[in-house]
Amino acid sequence: MSATEMSCPGGGKAWTVDVSGKAVCPRCKRSFTTLAGRHRTVSNMPKVPEHTRPKSQKVPRQRG
Ligand SMILES: [Zn+2]
C-alpha cells in the first residue's frame, strides 16, 4: 500500500442506503457489491469493510 492511499473513514461503520435503496459506504458512497463482493449480503456483513479511499477525492477548484 502506498502512502497516498488512505483508508476510508467509512470502514467499520454501518452501511447507508442510497436513493435507489442499495447499501453504500456512508463516506465514499461506493456500493456494497464493490466493497463486500457480490456473494455477500448486508446481513452477513453488517459493517462496511476496511477499504481505501478513491484517489479522485481531490476536486479541482471551480471558478464562479
Ligand atoms: Zn468508503
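This report describes the fold, the nonpolar core and a few single residues of one protein chain.

The structure is a predicted model, in which local features need pLDDT of at least 70 and side-chain atom pairs count only at pLDDT 80 or more, while totals for chains, interfaces and linings use all residues. Residues are numbered from 1 along each chain as its sequence is written.

**Fold**

The protein chain has one helix and two strands, and their order along the sequence is β-β-α. Helices (H or I, at least four residues) and strands (E, at least two) are DSSP runs, numbered from the N terminus. Of the 64 residues in the protein chain, 16% are buried. A residue is buried if 20 or more other C-beta atoms lie within 10 Å of its own, exposed if 12 or fewer, and partly exposed in between, with C-beta atoms placed from the backbone. Two residues are in contact if their C-beta atoms, placed from the backbone, lie within 7 Å. Among contacts in the protein chain with a separation of 6 or more, 44% join residues 24 or more positions apart.

**Core**

The largest nonpolar core has nine residues: C8, W15, A23, V24, C25, F32, L35, A36 and V48. Strand 2 (23-24) and helix 1 (32-36) are the elements that give two or more residues to this core, and helix 1 supplies the largest share, three residues. A nonpolar core is a set of buried Ala, Val, Leu, Ile, Met, Phe, Trp, Tyr and Cys residues joined through C-beta atoms within 7 Å.

One core member, V48, touches G10, G11, G12, K13, W15, C25 and L35, leaving out residues up to four places away in sequence. Another core member, A36, lies in helix 1. A36 is buried because 20 other C-beta atoms lie within 10 Å. Outside its neighbours within four places in sequence, A36 is in contact with M45 and P49.

**Outside the core**

S7 is found in the segment before strand 1 (16-17). S7 has 12 other C-beta atoms within 10 Å and is therefore exposed. Not counting residues up to four places away in sequence, S7 touches E50, H51, T52 and R53.

K29 sits in the loop between strand 2 and helix 1. Its 13 C-beta neighbours inside 10 Å are why K29 counts as partly exposed. The phi of K29 is near 65 degrees, a positive value in a residue other than glycine.

Two pairs of residues are listed with their separations.

| Pair | Separation in sequence | C-alpha to C-alpha distance |
|---|---|---|
| S7 and H51 | 44 residues | 5.6 Å |
| A36 and K47 | 11 residues | 9.6 Å |
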